[in-house]
Amino acid sequence: MAYVQQRSGDGRKDLRYPAAPEPLAVPVYDNHAHLEIVDGDEPLSLTEQLDRAEAVGIVGVVQASGDIESSQWAVDAAASDPRVLAAVAIHPNDAPAYAADGMLDAAIATIDELAAHPRARAIGETGLDFFRTGPEGHAAQFASFEAHITLAKKHGIAMQIHDRDAHEAVLETLVRVGAPERTVFHCFSGDDAMARTCADAGYYLSFAGNITFKNAQNLRDALKVTPLERILIETDAPFLTPVPLRGRPNAPYLVPITLRFMAAELGIDVDELATQVAANTLAVYGSFED
């Protein structure tokens, strides 16, 4: 499959894919990656990505999307390989551009069609981003987010939330509109208080490689108050490569690094965390084999 985008190498010193970590004894899943984005000095095909992941115990990937092209790519990838499930959506930072062109409603209608595919198991990533989009784009973001919530409930599938500098607005919207039964905060970015609020509401918190960053104590605090049955793991590949590989290309096969870090933070056995995370992933998205 042809790539949809290419990640810039500007400012990055090492574009080599890292060596594989020690395999996990208990298989888990990467619940959010962008494998349609080519990265690294020796790009990996979809099959190469999945084979590398499987070799270290990462047996499935939820391919996330942000526009029409990447959503179609996700569905095609999921249809072509049983190790992939698709999440389809218009990203909150793309919603204002679609709206400005008078195409937001049509784009959401296309997402509705793609979400009907049996291998599409989530609407995502959707939500609010007040970091990259200014106040002039907020109305379009809210309209898109609310429409995506409706789609997740219509199709009976999960929803992956992108939340950047918009915690209160995201939580308020979920209460006001009514959250889907399976709601995931992708790359959770809040603190321990927000984690408790999300867990109490029945939401899932997905942690990425940035939990290993020195300045991410808020994420480590959030992890420690999140019930094990609400924890998911992701790469957000090719972004957020965990320490000590920060800055190099990220990929699903590096999940074991983050999982082992999280287990150490929680003071539990790696196999115990892997078993619970795998069960949580399947509870949210269903079987990869169906």
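Does Asp 112 count as buried or exposed, and at what relative accessibility? At 19% relative accessibility, Asp 112 counts as buried, because buried here means a value under 20%. The model described in this report is a predicted one, and Asp 112 offers a way into its charged contacts, which are taken up first below.

## A salt bridge between two helices

The side chain of Asp 112 meets that of Lys 154 in a salt bridge, with 2.8 Å from N to O. Asp 112 belongs to helix α4, which covers residues 104-115, while Lys 154 belongs to helix α5, so the pair ties together parts that are 42 residues apart in sequence. The two partners can also be set side by side by their accessibility: Asp 112 is buried at 19%, whereas Lys 154 is exposed, with a relative accessible area of 55%.

## Salt bridges within helices, and a network

In the structure there are eleven salt bridges, and one of them joins Glu 172 to Arg 176, whose closest N and O atoms are 2.9 Å apart. Both of these residues lie in helix α6, four residues apart, which is about one turn of the helix. An α-helix has 3.6 residues a turn, so residues three or four places apart point the same way. Glu 172 is partly exposed, with a relative accessible area of 40%, and Arg 176 also counts as partly exposed, at 44% relative accessibility.

Helix α7 holds a salt bridge of its own, in which the side chains of Asp 192 and Arg 196 meet at 3.7 Å, N to O. Asp 192 and Arg 196 are four residues apart in α7, about one turn of the helix. Asp 192 counts as partly exposed at 27% relative accessibility, and Arg 196 counts as partly exposed at 42%. Elsewhere, salt bridges link Asp 51, Glu 54, Asp 81 and Arg 83 in a network.

## Helix α6 and what covers it

Helix α6 runs over residues 167-178, and its length can be checked by a short piece of reasoning: at 1.5 Å a residue, its twelve residues should span 16 Å, and the C-alpha atoms at its ends are indeed 16 Å apart, so the two figures agree.

Which residues of α6 are buried? They are Ala 169, Val 170, Leu 171, Thr 173 and Leu 174. The elements that cover these buried residues include the strands β6 (120-129), β7 (158-164) and β8 (183-185), together with the helices α5 (138-155) and α7 (192-200).

## Parallel strands

Strand β2, made up of residues 28-33, is mostly covered, since six of its six residues are buried. It pairs with strand β4 (residues 58-63) in the parallel sense over four bridges, and within this pairing Asp 30 has Val 61 of β4 as its bridge partner. Strand β4 is in turn joined to β5 by three bridges, and these two strands also run parallel; here the bridge partner of Val 62 is Leu 85 in β5.

Strand β5 (residues 84-88) is mostly covered, with five of its five residues buried. Val 84, Ala 86 and Val 88 point one way from this strand, while Leu 85 and Ala 87 point the other way, and all are buried. The pairing continues from β5 to β6, again in the parallel sense and over three bridges, with Ala 86 standing opposite Ala 120 in β6.

## Aromatic rings and charges over them

The structure holds five aromatic pairs. Among them is the pair of Phe 185 and Phe 188, which is edge-to-face, with 6.4 Å from centre to centre and 75° between the planes. Phe 185 is buried, with a relative accessible area of 1%, and Phe 188 is likewise buried, with a relative accessible area of 1%. These two residues form one aromatic cluster with Tyr 203 and Phe 207.

Where do Arg 164 and the charged end of Arg 230 lie? Arg 164 lies over the face of Phe 131, at 3.7 Å from the ring centre, and the charged end of Arg 230 sits over the ring of Tyr 204, 4.5 Å from its centre.

Terms used. Residues numbered from 1 in each chain as written. Predicted model: local features only at pLDDT ≥ 70, side-chain atom pairs only at ≥ 80, totals over all residues. Heavy atoms only, no water. Expected span 1.5 Å × (residues − 1). Buried < 20%, exposed > 50% of the residue type's maximum accessible area, 1.4 Å probe, protein only. Contact = heavy atoms within 4.5 Å. Salt bridge = Lys/Arg side-chain N within 4 Å of Asp/Glu carboxyl O. Phe/Tyr/Trp six-rings, centres within 6.5 Å; stacked < 30°, edge-to-face > 60°. Lys NZ or Arg CZ within 6 Å of the ring centre and 35° of its normal. Pairing = 2+ DSSP bridges.
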